[in-house]
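Colleague: I have a new model on my screen and would like to learn how to read its features one at a time. Could you walk me through it?

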Amino acid sequence: MITREPQIFDPPPNAFAAAGRGIILACQGTGQALLLLGGAAAQVPFLFSRRNREDVMRQLYLVGIKSLGVVSVVALFTGMILALQVGLELRRYGQENSIGTLVCISMLREMGPFMTGLVIAASVGSAIAAQMGTMTVGEEIAALDVMSINPLRYLMMPRLVALAVMMPLLTVYTNLLGIFGGAMVGASQLGISWEAYFDNAFRYAENKDLYVGLFKAFLFGLIIVTVACYQGFTASEGAVGVGRATRRTVIVSFLLILIVGYFVTRLFYQ
C-alpha cells in the first residue's frame, strides 16, 4: 500500500479550518441558489405557452387549495392563542378592550406571513425537494438536458410562479382567520363584544401593516422554492440523499424565514 507522506505545508485540522470551509461552502451554495432563482425568473415570459400554463395551474392548486386545511387550523389557533395570552395580561390592567388592536397588527405584520411560510415550507417545500431530488438521483434531470429541455423552465418556473402568487393570498386568508379566532376568544373568555373587538382591530391598523406582511409573504415564497429546488437539484447518494435534501430544505427555509422576516420588519419599522 502506497501512502502519501505528510507535507510540511499541510495545515493541521482544527476548528477554524472547519469553520472556514463551512463558510465557503455556504457562500457557494447561496450563489448557486441565487443563480437558479435568476434562471427560473428569466423563464417567466414563457408562462403563456400552453404546456407551462397547465403546469402553473397544477402547482397553484397544489400550493393553494391543497394547503387550505392545515393553513386554516394553524391560522385560527394562532389568533386564538395570541388573543388568550395577551388578553389575560391586559385584563390585569383593565385594558382587555385593546386586544383587537394587538391581535390584528400582530397578524398583519408578522404572524400571518410567518405562520403561512412555516406551513408551506414544511408541506410544499419538502414535497418539491423530494420530487426534484428523486428526479436528480434517477438522472431524469440529465435526460431533460440531453433532450434540450430546460429544467428551470419545465420544473422550477411553474413552482416559482405558484408560490409567488399563492403565498400573499394564503397570508391574507391566514390574517382573516387569525383575527376571527381572536374575536372568538375575546367574546367567549374575555367578555369583549364583537363590535368592540373589530372596532379596535381596524381602527389602529394601517395599510402599511398589510403591505409589509404581503411583501414578507412574497419573499418567503421565493425563499421556499429556491431552497427546495436547489436542495433537490444537488441531491445525491440515492434515497439517503433525497431524505437529506428534504430535511435540509425544511431547516434552511425555517431559518431564512426567521432571519429575513426580522430584517424586513427592521427595515420598514425603524
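## Reading the model, feature by feature

Modeller: Let's start with a single residue: arginine 153 counts as partly exposed, because its relative accessibility is 28%, and partly exposed is the class between buried, under 20%, and exposed, over 50%. Arginine 153 sits in helix α6. Please keep in mind that this is a predicted model.

Colleague: What separation do the C-alpha atoms of arginine 153 and phenylalanine 16 have?

Modeller: Their C-alpha atoms are 40 Å apart, and along the chain the two residues are 137 residues apart. For the overall extent, the C-alpha trace spans about 80 × 55 × 30 Å along its principal axes.

Colleague: How many helices and strands are there in the chain?

Modeller: The chain has 9 helices and 0 strands. Read along the sequence, that gives the pattern α-α-α-α-α-α-α-α-α. Of the 270 residues, 42% count as buried.

Colleague: Now pockets, please. How much space lies in the largest pocket?

Modeller: The largest pocket holds about 490 Å³. Its lining has 19 residues, and those closest to the centre are Ala26, Gly29, Thr30, Ala33 and Tyr230. Three elements each give two or more residues to this lining: α1 (15-42), α8 (207-233) and α9. The largest share comes from α1, with 9 residues.

Colleague: Which classes do the residues of that lining divide into?

Modeller: The lining of the largest pocket has 13 nonpolar residues, 6 polar ones and no charged ones.

Colleague: And what volume does the second largest pocket have?

Modeller: The second largest pocket has a volume of about 180 Å³. Its lining includes Gln59, Lys66, Ser123, Gln131 and Arg159. The elements giving two or more residues here are α2 (50-63) and α4 (99-137), and α4 has the largest share with 5 residues. By class, this lining has 5 nonpolar, 4 polar and 2 charged residues.

Colleague: Let's turn to salt bridges. How many does a search of the whole structure find?

Modeller: The search finds 6 salt bridges. The test is a side-chain nitrogen of Lys or Arg within 4 Å of a carboxyl oxygen of Asp or Glu. One of the pairs is aspartate 55 with arginine 58, at 2.9 Å from N to O.

Colleague: Why are aspartate 55 and arginine 58 separated by about one helical turn?

Modeller: Because they are 3 residues apart in helix α2. Aspartate 55 is buried, since its relative accessible area is 8%, whereas arginine 58 is partly exposed at 45%.

Colleague: Which other pairs can I look at?

Modeller: Try arginine 92 and glutamate 89, whose closest N and O atoms are 3.0 Å apart in a salt bridge. Arginine 92 is exposed at 60% relative accessibility, and glutamate 89 is partly exposed at 41%. Another salt bridge joins glutamate 237 to arginine 244, with the closest N and O atoms 3.4 Å apart. Glutamate 237 counts as exposed at 60%, while arginine 244 is partly exposed at 25%.

Colleague: I also like to check backbone angles. What should I expect of phi?

Modeller: Most residues other than glycine have a negative phi. In this chain, glutamate 139 has a positive phi, near 60°. Glutamate 139 lies in the loop between α4 and α5 (140-146) and counts as exposed, with 59% relative accessibility.

Colleague: Where is serine 148 found?

Modeller: Serine 148 is in the loop between α5 and α6 (151-189). Its phi is positive too, near 60°, and at 68% relative accessibility serine 148 counts as exposed.

Colleague: One last feature: which residues make the nonpolar surface patch of about 710 Å²?

Modeller: The patch is made by Ile251, Val252, Leu255, Leu256, Leu258, Ile259, Tyr262 and Phe263. To join a patch, a residue needs over 30% relative accessible area and no salt bridge. Leucine 258 is a handy example: its relative accessible area is 48%, so leucine 258 is partly exposed. You will find leucine 258 in helix α9 (residues 238-268).

Key
Residues are numbered from 1 along each chain as its sequence is written. This is a predicted model: local features need pLDDT of at least 70, side-chain atom pairs count only at pLDDT 80 or more; totals for chains, interfaces and linings use all residues. Side-chain values use heavy atoms; hydrogens and water are left out. Patches are made of residues with over 30% relative accessible area and no salt bridge: like charges are joined within 9 Å, nonpolar side chains (Val, Leu, Ile, Met, Phe, Trp, Tyr) within 5 Å. Accessible areas come from the Shrake-Rupley method with a 1.4 Å probe; for residues, only the protein chains shown count as cover. Helices (H or I, at least four residues) and strands (E, at least two) are DSSP runs, numbered from the N terminus. Buried means under 20% relative accessible area, exposed over 50%, partly exposed in between (1.4 Å probe, protein chains only). On a 1 Å grid over the protein atoms alone, a cavity is a set of points where a 1.4 Å probe fits but cannot get out, and a pocket is an open set with protein on both sides within 12 Å along at least five of seven lines; lining residues have an atom within 4 Å of a point. Grid points are joined across faces, edges and corners, and a volume is the space filled by probe spheres set on the points. Ala, Val, Leu, Ile, Met, Phe, Trp, Tyr, Cys and Pro count as nonpolar, Asp, Glu, Lys and Arg as charged, and the others, Gly among them, as polar.
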